[in-house]
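Student: I would like a close look at one part of this protein, the aromatic pairs. Could you walk me through them and then set them in the rest of the fold?

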Amino acid sequence: MNALVWILGGLLVILAIAWVFRFAAQKATDNKPYFRDMPLSVAFGYVFAAAALLLSIWYFFQPKAVDGVPSAGVIFFRWAVIGLLGFAAAAWVFRTVFRNVGSENSKKLFRSMPLTAAFGVMIIIIYAIVSIFAGLIAPYGQEEILGAANVVAGGDPAIGGNPEYPLGTDQIGRDILSRLIYGAQNTVGIAFVTTCLAFFLGGTLGFLAAVLGGWLDQLLSRMVDALMAIPSLIFSLLLMTIATAWAGSEAWLVTIYMIFIIAVIDSTRVFRLSRAVGQSIVVMDYIEAAKLRGEGMGYLIFREILPNALAPLLAEFGLRFCFVFLTIASLSFLGVGIQPPKADWGTMVRDLSPFINYASFAPNAAVTPLLAAGAIALLTVAVNFVVDWMLHKSSGLKE
């Protein structure tokens, strides 16, 4: 109750300061249109943002330990701020370099690219390199059991770390850094293959339904409606539970089943989009001209419809990849996705979650499960930044 009173009181104080801020700005600028027409909600937003910034700066400089007890909240907050500033600086350098290096088209692309999209492209490139060359980058094997278990991240022997394992080891002695690197190869690689398969199935059937119409369109649309009526994660979990029982001890077979199950379920969304886009294209004059020339179905779909539908499909590919990626991590977290001993970020979050219990007196120990969760979140944010930029470019809107 006291917390609620403090929150409401703080909001009222900020509201009063916002009114004073707007009134003072109107007087100081001789009632210029920007401040004259500013709603109170916008002024509230400015004051609230300023208050949040000041509070964040104050909290950042709080002591890391009180009476010898580490303050996990302060430590994690500092790491988050330093990481955010570091990523922003790296994205700015990345964009600046490629504005001056490369072909004229790539330079022009990077000149029009916002910093968020540059950050997304940079992260995607890093993940792709790590996934492809995981075997060369990782210091140990993903299944290799080393001599020490439960080594704390950070490499400081005084708090249970080891310089040989900078991110620590898990409960049975496997190197966390190596498993994170191989997890990129497994989780991201499988998500990419699954998304490509979903787009092949959904896009092909969607364009066929748009071009042919009639009973085929009705049949496919009703089947897709039936599949979309079932929550995708619950449906995937049900089918994967059955598939795991069928596969038995064959872990690779479980992965194959998972790829096809998720691809079929996600292809329903791609079908709806490709069908809608295709229906708006098939009525164009150039499609009628191609039909009169006697062009076949393959030519119509791949040479006429697909190039004109590429922009929305590429944007959807990024979004769909995020959903597939998160679905695979969720299934692995629940124990029916990528099977041990293969490294997977969802499985790592589940297996390493007990380390969070030590956050109050050993923040470095609590970092271990957050590494895999952070890797998932970072890629999701990066892909969404790039997708937002692609949608903005394809919309024709100007900055």
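Tutor: Happy to. The centres of domain 1 and domain 2, taken over C-alpha atoms, are separated by 43 Å. Domain 1 covers residues 2-54 and domain 2 covers residues 176-397. Please keep in mind that what you see is a predicted model. Along its principal axes, the C-alpha trace of the protein spans about 80 × 75 × 50 Å, and the secondary structure comes to 16 helices and two strands.

Now to the rings you asked about. Searching the whole structure turns up 18 aromatic pairs. One of them joins F98 and F110, with 5.3 Å from centre to centre and 25° between the planes. Planes under 30 degrees apart count as stacked, and the F98–F110 pair is therefore described as stacked. This pair links distant parts of the chain: F98 sits in helix α4 (residues 72-100), F110 sits in helix α5 (residues 104-111), and the two are twelve residues apart. Are the two partners buried or exposed? F98 has 32% relative accessibility, so this ring's residue counts as partly exposed. F110, on the other hand, counts as buried because its relative accessibility is 9%.

Stay in helix α5 for a moment, as K107 lies there too. Leaving out residues up to four places away in sequence, K107 touches F98, R99, N100, V101 and G102. F98 is thus on the contact list of K107 as well as being the stacking partner of F110. With a relative accessible area of 16%, K107 is buried; the cut-off for that label is under 20%. To place K107 against another part of the chain, take F199: the two are 92 residues apart along the chain, and their C-alpha atoms are separated by 30 Å.

Aromatic rings turn up in two further settings. Y127, F321, F325 and W345 are linked by ring pairs into a cluster. At F60 the partner is a charged side chain: R78 lies over the face of the F60 ring, 5.7 Å from the ring centre. F60 belongs to helix α3 (40-60), and P63 is found in the loop between this helix and β1 (65-66). P63 counts as partly exposed, at 45% relative accessibility. From P63 to D351 is 32 Å in space, C-alpha to C-alpha, with their positions 288 residues apart in sequence.

Another arginine worth your time is R174, in the loop between α7 (134-137) and α8 (176-212). R174 is buried, with a relative accessible area of 12%. Neighbours within four places in sequence aside, R174 is in contact with Q142, E143, E144, I145, G168, T169, R179 and P341. The loop between α7 and α8 also holds N150. Although N150 is not a glycine, its phi is positive, at about 55°. N150 counts as partly exposed, at 41% relative accessibility.

P341, one of the contacts of R174, has a feature of its own. The peptide bond from P340 to P341 is cis, with omega near 5°. P341 is found in the loop between α14 (310-333) and α15 (345-352).

As a biochemist you may also wonder about the cysteines. How many disulfides are there? The count comes to zero. For C196, the nearest cysteine sulfur is that of C322, 14 Å away. Seen from the other side, the sulfur of C322 has C196 as its closest cysteine partner, and they do not bond because 14 Å is too far. Their surroundings can be compared as well: C196 counts as partly exposed at 33% relative accessibility, while C322 counts as buried at 5%.

Finally, let us step back to the whole protein. Of its 399 residues, 38% count as buried. Among contacts with a separation of 6 or more, 65% are between residues 24 or more positions apart. The accessible surface comes to about 21,700 Å², and carbon and sulfur atoms account for 71% of this area. If you return to the viewer now, a good place to begin is the stacked pair of F98 and F110, followed by the cluster of Y127, F321, F325 and W345.

Note on methods
Residues numbered from 1 in each chain as written. Predicted model: local features only at pLDDT ≥ 70, side-chain atom pairs only at ≥ 80, totals over all residues. Heavy atoms only, no water. Phe/Tyr/Trp six-rings, centres within 6.5 Å; stacked < 30°, edge-to-face > 60°. Helix = DSSP H or I, 4+ residues; strand = E, 2+ residues; numbered from the N terminus. Buried < 20%, exposed > 50% of the residue type's maximum accessible area, 1.4 Å probe, protein only. Lys NZ or Arg CZ within 6 Å of the ring centre and 35° of its normal. Domains from an automatic or database assignment. Disulfide = S-S within 2.5 Å. Contact = heavy atoms within 4.5 Å. Areas by Shrake-Rupley, 256 points an atom, 1.4 Å probe, with all protein chains shown as cover.
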